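Dear colleague,

I am passing on the structure we discussed, and my notes come directly after it. Please read them alongside the coordinates.

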Amino acid sequence: MTTYSTNEFKNGLKIMLDADPCAIIENEFVKPGKGQAFNRVKIRNLKTGRVVERTFKSGDTVEGADVVDVEMQYLYSDGDFWYFMSPETYEQLGADKTAVGEAAKWLKEQALCLVTLWNGVPLSVAAPVHVVLKVTDTDPGVRGDTSGGGGKPATLETGAVVRVPLFINIGDTLKINTETGEYIARAKE
Amino acid sequence: MPAPRNSAASARGRAVSREARLAALRKRATLLAEARAFFGERGYLEVETPVLARSGAPDAQLAQFALSDPMLGALYLQTSPEYAMKRLILAGSGSIFQITKAFRQGESGRFHNPEFTLIEWYGLGYDRERLIIEACALIARLAPSLHDKARIVSYREAFREALGIDPIEDPDDRLRDAARAHVPSAHELPLDDRDEILDLLMTHAVAPAFPTGALTVVTDYPPSQAALARLNARGLADRFEIYQGPMELANGFHEATRGGEYAQRFATEAAKRRARGLPDIPEDRRLLGALAEGDLPDCAGCALGLDRVLMLAVGATHIDEVLAFPIERA
């Protein structure tokens, strides 16, 4: 197993902490000119998403975590697992509900997702930032009202519900920001 | 492979425009000229001493870059010009200053680059108070936007205010409890060395409470942290550090004068190095030899981190913003 000294700490480095894979999101080196150096580190637990602060004595070592981000194509879900395929190796992997999390509601077949693997097993899935999805249900559109003011809920083909302008109709395709869950624009087919 | 999503955070401090970099470069030139004018007006002699030497600093807390030359053997990049400058004072130079590069292995972060610029000076006949006034005047001249009143506070008082503990008198247990209460995950650290606990508290709880935009001068350090400062009548180290917010800018000493104190200090640090399994560094025998022939003239010396002052002068948040080429791109 790889070990890292605090000297090698940098943002994005994946390490093991309390038996969980974590990513360093902030590393501050503090040292009185004449004294002991420490690394004050903000760490995201990649399983829980929780951010914790830790202090290390500079020079200490920690175990590295075998965590990689790979781009994979979403194939389908059987309800328990969401299946992804590497477009390069055609290798297929199933991600469970915990790993897929919020991304599930944006996933449409063939979407390219960022899958984080820990020891080869999906740890988390990030949907593409922008997705184009079809409206399957919403109140009838109000013709001519392109103001976007007010708005109404619309159900998309993946099951996600987003707030859309009044002029949107069933069957329209919409561009959505998955990070904010917000409607961006009507997409041209 | 796609870039991690949180790459925005890793660019912090480095996403600096070309204009900002050039502005910092020009400001550096101004600060260098201002510093030279400042010392010139005060009758200091500018000197240059080797950055590459056959001996090094014994400090267990400093990791020195070691090089090797086929003819000369091991050589060390200086962590500070202190010993060489003291040799000049022993040789009769009078008050001297130097603007030089210093090198410290493994020091990299918001306020650290392994190679950095120091302004170091020694005022003959100076005591600590006179040196504090001079150091604050220099910083004020280089970074005029700072509040012009510095606050002078003892090490003890600073700890009392921030944590309600006495860093000089309180037993180790009390300090350990404070560390566990104020430092994230401190319970994971060994906390078996009193000075290490104090350093931990200083960097995590005491200095972060210092006001930004103004100077805080901390004086009267515990005797265990005297380095080469003399001890005052209360048995405390006659040294000071100047902070702006939590950032340490300068470190000053009313210098120890007797050769015996230097030899003792070198031996103590060498023993610490050995105990920690760190490599031996040959001690500066020429300095000890010169001190054996006569005490160091009464003087006080200060080292000021020029890059950090430049950070203040241009409003930078990361040292990389004020370096022409930070270590990753050097």
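The notes below take up a sheet in one chain and helices in the other.

This is a predicted model, in which local features need pLDDT of at least 70 and side-chain atom pairs count only at pLDDT 80 or more, while totals for chains, interfaces and linings use all residues. Residues are numbered from 1 along each chain as its sequence is written, with chains lettered from A and ligands numbered from 1 in the order in which they are written.

In chain A, four strands (DSSP E runs of at least two residues, numbered from the N terminus) form an open antiparallel sheet in the order 2-3-4-5, where strands pair if DSSP finds at least two bridges between them. Strand 2 (14-17) and strand 5 (51-57) of chain A are the edges, each pairing on one side only. Strand 3 (residues 20-30) and strand 4 (residues 38-45) of chain A are joined in the antiparallel sense by eight bridges, and A:Val30 stands opposite A:Phe38 of strand 4.

In chain B, helix 3 (residues 82-90; helices are DSSP H or I runs of at least four residues) has as its buried residues B:Glu82, B:Tyr83, B:Ala84, B:Met85, B:Lys86 and B:Ile89, buried meaning that 20 or more other C-beta atoms, placed from the backbone, lie within 10 Å of a residue's own. Just after helix 3 of chain B, B:Gly92 takes a positive phi of about 100°.

The axes (lines fitted to C-alpha atoms over the stretch in contact, with angles from 0 to 180 degrees between N-to-C directions) of helix 6 (residues 172-182) and helix 7 (residues 194-206) of chain B come within 10 Å and cross at roughly 35°.

Best regards

Methods: A residue is buried if 20 or more other C-beta atoms lie within 10 Å of its own, exposed if 12 or fewer, and partly exposed in between; C-beta atoms are placed from the backbone.
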